[in-house]
Amino acid sequence: MLQYIIRRILLVIPVVMFISFVVFYIIQLPPGDYVSSYSATMSAAGDVMTQVEMDEMRSNLGLDRPVYEQYLVWVKKIVLHGDFGFSFNYNKPVLAVVKQYMGLTLVVSIVTMVFQYVVAIPIGIYTAVKQYSAGDYFFSGISFIGMATPNFLLAIILMFLSYTWFGDPLLGLFSNEYVNAPWSWDKAVDLMKHMVIPVIVIGLASTADLIRVMRGQMLDELNKPNVVTARAKGLSETRILLKYPTRAALNPIVSTIGWSLSSIFTGSTITAIVLNLPIQGPVMYNALLGQDMYLAGSWLLFMALLTVLGTLISDILLAWLDPKIRTEFRGN
Amino acid sequence: MRTIPAFKRQKPETLRPKKNTDANYSSQWRLMYLRFKKHKLAQISLFILALLYTVALFAQFIAPYGLQSYDSKYVNVPPMGFKFIDADGKFHIKPFVYELKSTRDPETMRKIFVPDTEKRHSLQFFVKGEEYKFLGLIKTSTHLIGVKEPGRVFLLGTDGMGRDLFSRIILGSQISLSIPLVGVGISLVIGLIIGGISGYFGGWLDSIIQRVIEIIRSFPTLPLWMALSAAIPPRIPVVTMYLYIVIIFAFIGWTDLARVVRGKFISLKNEDYVIAAKIAGVGSTKIIIKHLLPGFISYLVVATTLAIPGMILAETAMSFLGLGIRSPATSWGVLLQEAQKIENVALYPWKLFPLGIVILTVLTYNFLGDGLRDAADPYKK
Amino acid sequence: MKRSKMMLVLFVMIAIIAAGCTNNNSSPSATNESKEKPTETAAPVDNAQAGAKEAPAFAALVKDGKLPKLEDRMPVAADIKIEEVVDEIGQYGGEWKMPWNGPSDKWGVGQPTEEALFRFNKEGNKVEPNVAKGYEVNDDSTVFTIHLREGMKWSDGVPFTTEDVIFYWEHMLKKETFGKKIYDAYYSVDPVSGDRALAEVKKVDDYTFTVTHKYPSVQFLERVAIDNKWFFAPKHFHETILPEFVGDAKTLEITKSWGYEDPKVFLVETGYYDWLHKEIPTIRAWMPTTDPNSDQFVMERNPYFWKTDSEGKQLPYIDRLVATKIQDPSQKVLGTLAGDYNLVVFGANDFTVLKENEKKGDYRIIPWTQPAWSSAGIQLNQTTPDPNLRKLFQDIRFREALSIGVNRVEISEIVTNGLGEPIQASVPEGVMGYQEGWKDQWTEFNPERANQILDELGLTKRDKDNFRLNADGSELTLTIIESSTDTAAFLELLKKYFEDMGLKTNLKVVDGGTHFDMKYANQIPITTENISVANVAFRPDAIVPLRVITPWFGHYGLYTQSGGKEGVKPEGDIALILENWEKIKASKTQEEIDQYSNEIIKLHMKNQWVIGYAGPTPTLIAASNSIHNIPTDMVWADEYRSLGQGHPSQFFIKQ
Amino acid sequence: MTAQAAQTGQPLLSVQNLNIQIKMDNGIMNAVDGVDFEIHKGKTLGLVGESGCGKSLTSRAIISINPKECETTGDIVYHSDSEASLNRLNLLSLHPNGKQIRSIRGRKIAMIFQEPMTAFSPMYTIGNQLMEAIRIHRTKNKKEAKKIALEMLAKVGISDQEKRFDQYPHEFSGGMRQRAMISMALSCNPEILIADEPTTALDVTIQAQVLELMKKLQSEFGMAILLVTHDLGIIAQMCDEVAVMYLGKIVEQAPVKEIFANAKHPYTKGLLKSMPRLGGDKTKRLDSIEGTVPIPINMPPMCGFYDRCSDRIEGVCNTNAVPKTRITDQHSVRCFLYSDRQEGAAQ
């Protein structure tokens, strides 16, 4: 098992290296660079830069060098110093920017993930056990609609409904007065209130998906002979349900955790923009728009790493959860 | 009670009761069809989809107005219902609409529309209107329904430029319903070839292909979209733009299908009948086409069906970010992107109608996919 | 009267201290006090406010000895700037809550809080002293003597003196440490030879300095008020970071410790965008207290602010300015409707949704007019590289065709929601340079005539889609390149009208940065920028080709900028414009300036290089009904510092 | 009371007029139709028939573990001497998931299944699944339960039990899995063991071993066995009495020797002919019964075997419900070929 994991991790390295270069290249692909977008914002505010000023800025930031050279410098710094470069937009080291947003990003992502699994698994079990009941149709209907509604529109609509019903559109993750306030019970409550819409919007599509997977798996498992065996042993229905079909159905579900990790990080970008969430997605998006390439590059690199690792984690989880594979490794 | 007649020997076949026994002897496709027939929701979905595609095919004919029928007089008109009874209480057998008088609220500058009960326009079939090419071939100006000029009918209201939303939804379906089909089609071909190679031959080729798929999959799609659409040159017509988008989608989408294909190839290639064919010296191509493909073509149909809704949604997301198709060319994504302005949600909520159509389409595709999956699975009851 | 007020102030202080002490049991005696009159003390706070000369929080700090007394914080009595209130004397307290696009929108918080040496008056035609107490000028407008306010202090309490001006001039502006060239305003021009000479700045005493020009500079103060509002910098701060004082190594170290990578960028940020950094002393009404990169940027009142109202109450009234970062324009609207923000600036597009919810949201919409020539218009690049296009663009008949081939009523109704009149791009009434009849030039919708003109121009050949071809048979395409999607509806209509005339039209939306690059590379044939000029003589960029900035004159600007080395040589009426501009710079009197300015405008009227399809729309200020003293009937212009023209330090929130 | 019952005293389990109906899309299927039989202490009853004849449903109906869709009527009376509360208890009257039936399942009536691979969950160790029934019915104590489980594994001939206990089903061979299954079923000393095709999935040699083991354990524990199979060879080897099922009905029932010596029903005869015989004519092809079993949906009153029957009587067999005819006290058959005798006797 350990050998397998090590082999997989070693394989991750070239993949991530390759991705990082492609990422870096793609960021540079659109015309213009950070200096041009910077000067454009400045000129919009009546503050015009001349060509000379722009050229100077380019050379200061090293943007006048060829792409591969910039890439090599960047990678060298990462490898040697753990320095991911500098964010032009924020005037901060990339790591500092990432750190600034990481806390809330993790909160949103983890809460969303927990929401997904906590909601999807019981509903999946319920709809499978009560197949074709009113409850089954209700939940399946909701989850299908959740899947079918584009996130950004759902976010806007929920925000507007929240405004018309409660007088508060619940923008952002905190009310104005709590943004810079130290942590307190009230702030936590405020955060929870503001999390409702994002969690629903970000989580709904995947929740719907999970419900369907869980339901399908459960239906398969419920018809397996081992359920009959368990019943013949005199076990109670609940016990049977939890021990046999649920446990087996959870396998593929649990193994999706690795995958969903990165998709929650990136999948929430559009929603986060609409809902004004201070998390990484919009930061990355703006970095891409503003050609803030080290920030964008590092972030994308991180995402790629997360995806690759997520796959790895999923594979390992799957192996670990499946006694067949597990015992094979033990055997070796 | 009764006498026993002499034993009669008969060929048993002639008297076999005809009860469902055909199920036991049917081909795979026939079985699928029989099982699919049981899935009511999937059948309804198939029907709705067929309807949507028919409408898309004849969109120019069905839509009362064109994509560029701007009219400052009718900006943000709420949906109009047909009427049968006029202001005097008189009943009319033909449904009709009143002509609208438009004014502005002097305070808020909002357009206000008052029906002019003097001017009644009956809804008619085959009305002359904007000229278009029927099926892209025959020039005509006949539209399925509408009212005579200067009357106007806006079933679902109008947008901020005075265009009929109903027409735009219908015309937009041409792009929105075909992008996913073509996109999935391309992904399918790529996925089939690459997944097939990977699964059938295995070994180092498989490893390399799997790594490549892994790389593509771990690629965040957002910057990819942004970069690719920024790379699209300015002077291209809508059709070309459309093709580019399809290619972007296909590029991202094929990996999923390749995985399905690969998985099936691996599991099928060790089946006895395939091994038997190999031992018998049948060539690889023949094995693939004759023995492997039929084994999972039904799964492919399902996977394809279920991949389509994702593409429909992806198209709307691209439009939200201002990438992809732009008005006056219209897709549902374009309509939703316009609808998502808070102003529209607050003041002109009918602009959210396209959302209903998107949901309907995505739902029907999902139900159809589910139905097909159930039908394709020979082990399902 | 005065005694009783003093008593009240005292009362308030005690109350506040008492309130503070109840939470802090370190001092037993204070606790006793608070126990004595815990309830009565609370009441007088409101009453007392009416007479208080400073914000309660400061009064408390003074009482604690943590802050010098008000008198010691303000300039000497005679030198205090008394800010006229718009409606009434206000009260202290409250927050100005606004949405903010983040640190890239530096001016969003910069302009309303800016305190210039000289600022424009309400009408926008003259400057008045602001940070400066006053000035004298000699008869031939060469020597300007400027007086500062004695006893005025930076927000850290360090006196603000001539030293800060001289330091700025010597060590920052002349050294170009913050990435700006010495502004044009400091050069005077010899009317005869055209020789440019840099002014001299000299200290007279701690509160007086002179600016001496070689040649007359009639508009010096106005130009300074536009180009270099902040003719000063906190010497005691910049001395600690500028490389010429601390050495390159130390500057680099400081740069890194601030989180910056490059000292150049660092110096630009600190020297130019100083209001974003809490480490830098300021003379603004509010000073930053948080990192601008955080989700909320907060500016708190400046205890050393040097303005009072007519009753002697120190400004600003509003406690703090809270700028909350937003990511999508919808949030601005929704937040305003919900009351999350109480003073927000909008474009005219949001008029209806804001107006419809005015009552429910408990705010009011205050429109400020803009000195813009149009709200929907196009600029044809006169120097576009394609010879066929350039020939057309330079032909006045072609511009006429493009103008009359478009139905302005439709544009006005659909694009501006009826707010912008269906008129030609022209100087609006009431703004310097207004020309009678200009707004109706070529405005009648006449597609037949337009087509006829195009035929006359030789564009008679058509391609298979019935689009016109150039006379030589080559493809003719008008490409409109845009940097934002806000103009989508306008461009869609424009495309339709142009194509109805047989002119194939393409739209391309690029990001702002690319648009900027393309402008420099002369790659933008057509775009939709609107001209907005408060006064040509003050800021000529948009209509005089002095550098690469406005698309219509394209690389004519580069020619001027590079002194004839690059770009396209201006000819005809364009050359005339530049000639007039040179005359303005060398003018000795205001009359001369006005005359030449008018000439420039007239040349624009004659040529109509910029075509407008809908008149200007107002800028909307959505202000909560509790915020008072916001002036109406104002002009919104960058030259006047937008909302800053309303003097925000005297805005107040009624409790 | 029949002579058969009188012979052996009170039956342990008596199934009377058992009907199982399944609702299908196109009608109601009478999967089990009027089945009667009895199981006696220490004896083995064989239930034989082709797949789909309802024998599995019948066996599972005894402990109410059929899916909900199966509507079951009739009486299944369980009579245990050991516990007063279980005297003459009608199992069908109990709630199918209730406490009482659950206390009988696994403890008094245990069951083993055809597919030992899928009957065990792949997710848990053999030991885990083995201990489950013990911990419900015998002891809460984990250690004790493990001890019993290990003993049981030893009894079914599994060596190295400690190691085997912690292994997963996929690590067991087919025969071992079935042994483990048997040990699981017998771990609570049941009075009745229902074995549903216990050896079908096994190799012939393993089959013999498993059957041998079952026989051995039966004599050791003294339990009754209901053996469901399609294999007449196994019946001959294991059973005291045989019930032949066809299309939901018991068409013939008799002691095992009687069946092999004196089968009456054409279907039973067909079955016997299709069985290879030691010392039989090797050049002759084995007989098979032509045709397939119809699906009993909306069946008119007729003999289900009519189509395939070589001795059918047109106008009789396909128009009337077939009554049960008693050949001897212990031998009954459902066929019109013999019904006149019955009718004659009645007259």
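The paragraphs below lead through a predicted model, beginning with chain C and moving on to its neighbours.

Chain C is divided into three domains, and several of them are assembled from separate stretches of the chain: domain 1 takes in 31-82 + 116-234, domain 2 takes in 86-103 + 288-370 + 618-655, and domain 3 is the stretch 376-614. Between domain 1 of chain C and domain 3 of chain C, the C-alpha centres lie 41 Å apart. These two domains nevertheless touch, with 11 residues of domain 1 of chain C in contact with 12 residues of domain 3 of chain C. On the domain 1 side of this contact, the residues divide into five nonpolar, four polar and two charged.

A record adds another way of marking out this chain, since an unreviewed UniProt entry carries the annotation "domain: Solute-binding protein family" for residues 126-526 of chain C. Over residues 126-526 of chain C the chain is 31% helix and 18% strand, and the C-alpha atoms at the two ends of that stretch are 35 Å apart.

Two local details of the backbone of chain C can be picked out along the way. Ser141(C) is a residue other than glycine with a positive phi, near 55°, and Ser141(C) sits in the loop that runs between strand S5 (134-137) and strand S6 (143-147) of chain C. Further along, the peptide bond that leads from Leu315(C) to Pro316(C) is cis, its omega being near -5°, and Pro316(C) belongs to the loop between strand S13 (307-308) and S14 of chain C.

Strand S14 also has a part in the way chain C meets chain A, a contact that takes 42 residues from chain C and 40 residues from chain A. On the side of chain C that touches chain A, at least two residues each are supplied by helix H6 (106-113), helix H12 (263-271), strand S12 (296-301), strand S14 (320-325), helix H13 (329-338) and helix H21 (512-520) of chain C. The largest share of that side, seven residues, comes from H21(C). By class, the residues that chain C brings to chain A divide into 12 nonpolar, 17 polar and 13 charged.

Chain A can next be followed to chain B, where one pair of helices may be examined. The axes of helix H1 (residues 2-28) of chain A and helix H5 (residues 203-217) of chain B come within 10 Å and cross at roughly 50°, and H1(A) and H5(B) are therefore oblique to each other. The crossing in which H1(A) passes H5(B) is right-handed. Val15(A), Phe18(A) and Ile19(A) of H1(A) make this contact together with Arg211(B), Glu214(B) and Ile215(B) of H5(B), so that by class the contact of H1(A) with H5(B) has four nonpolar, no polar and two charged residues.

Chain D remains, and its domain assignment gives domain 1 (13-108 + 190-333) and domain 2 (115-189). Taken over C-alpha atoms, the centres of domain 1 of chain D and domain 2 of chain D are separated by 28 Å. The contact between them takes 14 residues from domain 1 of chain D and 16 residues from domain 2 of chain D. Within the side that domain 1 of chain D turns to domain 2 of chain D, the largest share, seven residues, comes from helix H9 (residues 204-221) of chain D. That side of domain 1 of chain D has 11 nonpolar, two polar and one charged residues.

Methods:
Residues numbered from 1 in each chain as written. Chains lettered and ligands numbered in written order. Predicted model: local features only at pLDDT ≥ 70, side-chain atom pairs only at ≥ 80, totals over all residues. Domains from an automatic or database assignment. Contact = placed C-beta atoms within 7 Å. Helix = DSSP H or I, 4+ residues; strand = E, 2+ residues; numbered from the N terminus. UniProt positions renumbered as here; feature names shortened; annotations may be inferred. Axes fitted to C-alpha atoms, helices over the stretch in contact; angles between N-to-C directions. Parallel < 35°, antiparallel > 145°, perpendicular 65-115°, else oblique. Left-handed = near helix turned anticlockwise from the far one by under 90°.
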